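Student: I am new to this structure. Please take one part of it and walk me through that part closely.

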Amino acid sequence: LVYNPSTKMYVLFWNYMRWGEQSVFAVAASVSPAGPFKLINPAINVTRGGGGDFDVLVDDDGKAYIIYSQEYKMSIEQLTPDYYYSAGGATFMFDEYFVDAPVLMKKDSSYYALFGWCCCYDCLQGSGILVHTATSPLGPYSLQEQAGGDLACVTANSTSDQLLFDDDDLASRVNIGGEAIPTLGQGCQYHNTSTTSIVRSQQNSVIKVANCNRLTI
């Protein structure tokens, strides 16, 4: 949810999945942040299509930009003055592959794009934080190289860093009796199977359940 100072409207963005089709971004608007909201655009015409994880930044001059993931790559493009559509034209594509969960923000005269390695649905080890900076919202962006460019993934040890919690802790929080099923190769373990996240970013898990026929789903 962002505010457009030119139209004096609150603009709400969300993404949704369609059965058998590509996910998309939708836009609704209201004169109040509490609504009611009216659907304006059911599918934003972003350059690369689709509707993965995203964030929207309204700059000091009132221009808005969307950062979004599609097919495991991250990019940024400008929105139209009303924020209802992509303006097309210039798009900045980041180099990293298999990334999601972006944040786009500005501090003073610098722009920051943060995102991590994909960590969808079953990622007990959490993900990293890649920080990119630029002097323009459309880049070019440079990866900050501290800690090899990743500020959250560290080598796990046999105690405090091992998945950041034990089965008892997990069970008490999600009430599943320690039956979480982690999937390797995501998040911090995408590049290195011995690493884990020190900030629990994108940390989540899949829960094993049985249907009425006692089949695990």
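Tutor: Start with a term: two strands pair if DSSP finds at least two bridges between them. Strands are DSSP runs (E, at least two residues), numbered from the N terminus. The model is predicted: local features need pLDDT of at least 70, side-chain atom pairs count only at pLDDT 80 or more, and totals for chains, interfaces and linings use all residues. Residues are numbered from 1 along each chain as its sequence is written, and side-chain values use heavy atoms, with hydrogens and water left out.

Now look at strand β10, residues 110-117. Strand β11 covers residues 130-134 and pairs with β10 in the antiparallel sense, over five bridges. One place to find this pairing is Phe-115, whose bridge partner in β11 is Leu-130.

Next, turn to strand β9, residues 99-107. β9 and β10 also run antiparallel, and seven bridges link them. Find Val-99: its bridge partner in β10 is Trp-117. The two strands form a hairpin, with two residues between them. In that turn sits Asp-108, which has a positive phi of about 55°.

How does β10 sit in the structure, enclosed or not? Buried means under 20% relative accessible area, exposed over 50%, and partly exposed in between, using a 1.4 Å probe and protein chains only. Six of the eight residues of β10 are buried, so the strand is largely enclosed by the rest of the structure.

To retrace the part: β10 pairs with β9 over seven bridges and with β11 over five.

Note on methods. Helices (H or I, at least four residues) and strands (E, at least two) are DSSP runs, numbered from the N terminus.
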